[in-house]
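Reader: I am new to reading protein models, and I would like to look closely at one small part before trying to follow the rest. Could you start from a single residue and then lead me outward, step by step?

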Amino acid sequence: TGSVERGTDLFNKFNKIAATTPFAVKNVVEAGASLQAFGVNSEKTIKPVADLAAFMGVDIVDAAQAMGRAFAGGAGAADMLRDRGILQLIKDAQGIENLSDLTLPQFRKALVDAMTDPDGKIAGATDLLSQTWEGKLSNMGDAWDRLLATAGDKMLPFAKKVVEKITTALEGGIGFLEKVDFKATFDNIT
């Protein structure tokens, strides 16, 4: 993102998406990074991509990469979207006969419109999926991860001091062992 503050803001948004969708925080962050790598604004598209993933029955990372390839190369590069029926859905919903007749910006708009249409089949798919057993378990796992991260942040100052003291003791032990002549000690014992 170019700055720590912007990266932190984006991570917090991804964390909120993960908390309300059946996708793990790690995967949502990876999906966001994939979108950014393809030049797609991940902040604006992460929720629609999550819905796309839920609708297609794939992980959010796979959906983000499929969308990124489609954004970069158009309908011809959208193999997963074609295989999962998304391109046909776009054609049907928007009355388009041939997606290859669209310019790349037109195709991008058609794809985003299909993903965000509240009356369409994709928007809201994560809400439905999060109500399933798997979705509930995923959200519970994300809550657990957030709890551990918060506990880690609170304990970090104390834990750093403990680790520093252990490191110092170990380094002292290494220094001591380097000075010991084990051969001479062993010869004296035997």
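In which helix is the place of S34?

Author: Before anything else, please keep in mind that what you see is a predicted model. Within that model, S34 has its place in helix α2. The side of the question that usually comes next is whether such a residue faces outward or inward, and here S34 counts as buried because its relative accessible area is 11%, under the 20% that sets the limit for that word. If you set aside the residues up to four places away in sequence, S34 touches A64 and Q65, and these two are good places to begin looking for what surrounds S34.

Another buried residue can be treated in the same way. T45 is found in helix α3, and it counts as buried because its relative accessible area is 10%. Leaving aside the neighbours within four places in sequence, T45 is in contact with L35, V40 and M67. The side chain of T45 also has a polar partner, for one of its polar atoms lies 2.7 Å from the backbone oxygen of N41.

From single buried residues we can pass to a group of them. The largest nonpolar core has 42 residues, and among these I60, L81, I90 and L111 touch the most other members. Two or more residues of this core come from each of α1 (4–20), α2 (25–37), α3 (42–56), α4 (60–73), α6 (86–94) and α7 (104–116), and α4 gives the largest share, with 8 residues. It is a general tendency in soluble globular proteins that nonpolar side chains are buried together. To see one member of this core with its surroundings, turn to I90, which touches I96, L99, A110, L111 and A114 when residues up to four places away in sequence are not counted.

Charged side chains call for a separate look. As a general matter, side chains of opposite charge can pair when their charged atoms come close. A search of the whole structure finds 3 salt bridges, and each of them can be followed in turn.

One of them joins D51 with K47, where the closest N and O atoms are 3.3 Å apart. These two residues are separated by about one helical turn, because they stand 4 residues apart in helix α3. The partners do not have the same label for exposure: D51 counts as buried because its relative accessibility is 5%, whereas K47 is partly exposed, with a relative accessible area of 27%.

Another salt bridge is formed by D79 with R82, and its closest N and O atoms are 2.4 Å apart. Here too about one helical turn separates the partners, since they are 3 residues apart in helix α5, which covers residues 79–83. D79 is partly exposed, with a relative accessible area of 43%, and R82 also counts as partly exposed, at 41% relative accessibility.

In helix α7, the side chains of D113 and K109 meet in a salt bridge of 2.7 Å, taken from N to O, and the two residues are 4 residues apart in that helix, which is about one turn. D113 is partly exposed, with a relative accessible area of 30%, while K109 is exposed because its value of 53% is over the 50% that this label asks for.

Now consider some places with more open surroundings to compare in your view. G73 has its place in helix α4 and counts as partly exposed, at 46% relative accessibility. Its C-alpha atom is separated by 51 Å from that of E164, a residue 91 places away along the chain. A77 lies in the loop between α4 and α5 and is partly exposed, with a relative accessible area of 27%. Not counting residues up to four places away in sequence, A77 touches R69 and A70, and the C-alpha atoms of A77 and A37, residues 40 apart in sequence, are 16 Å apart in space.

Finally, nonpolar residues can also be found on the surface. F158, V162, I166 and L170 make a nonpolar surface patch of about 400 Å². One of its members, I166, lies in helix α9, which covers residues 133–179, and I166 is partly exposed because its relative accessible area is 47%. Set this beside the residue you began with: S34 is buried, at 11%.

Conventions. Residues are numbered from 1 along each chain as its sequence is written. This is a predicted model: local features need pLDDT of at least 70, side-chain atom pairs count only at pLDDT 80 or more; totals for chains, interfaces and linings use all residues. Side-chain values use heavy atoms; hydrogens and water are left out. Patches are made of residues with over 30% relative accessible area and no salt bridge: like charges are joined within 9 Å, nonpolar side chains (Val, Leu, Ile, Met, Phe, Trp, Tyr) within 5 Å. Accessible areas come from the Shrake-Rupley method with a 1.4 Å probe; for residues, only the protein chains shown count as cover. A salt bridge is a side-chain nitrogen of Lys or Arg within 4 Å of a carboxyl oxygen of Asp or Glu. Buried means under 20% relative accessible area, exposed over 50%, partly exposed in between (1.4 Å probe, protein chains only). A nonpolar core is a set of buried Ala, Val, Leu, Ile, Met, Phe, Trp, Tyr and Cys residues joined through side-chain atoms within 4.5 Å. Contact means heavy atoms within 4.5 Å. A polar contact is a pair of N or O atoms within 3.5 Å; within protein, one must be able to donate a hydrogen and the other to accept it, and residues adjacent in sequence count only if both atoms are side-chain atoms.
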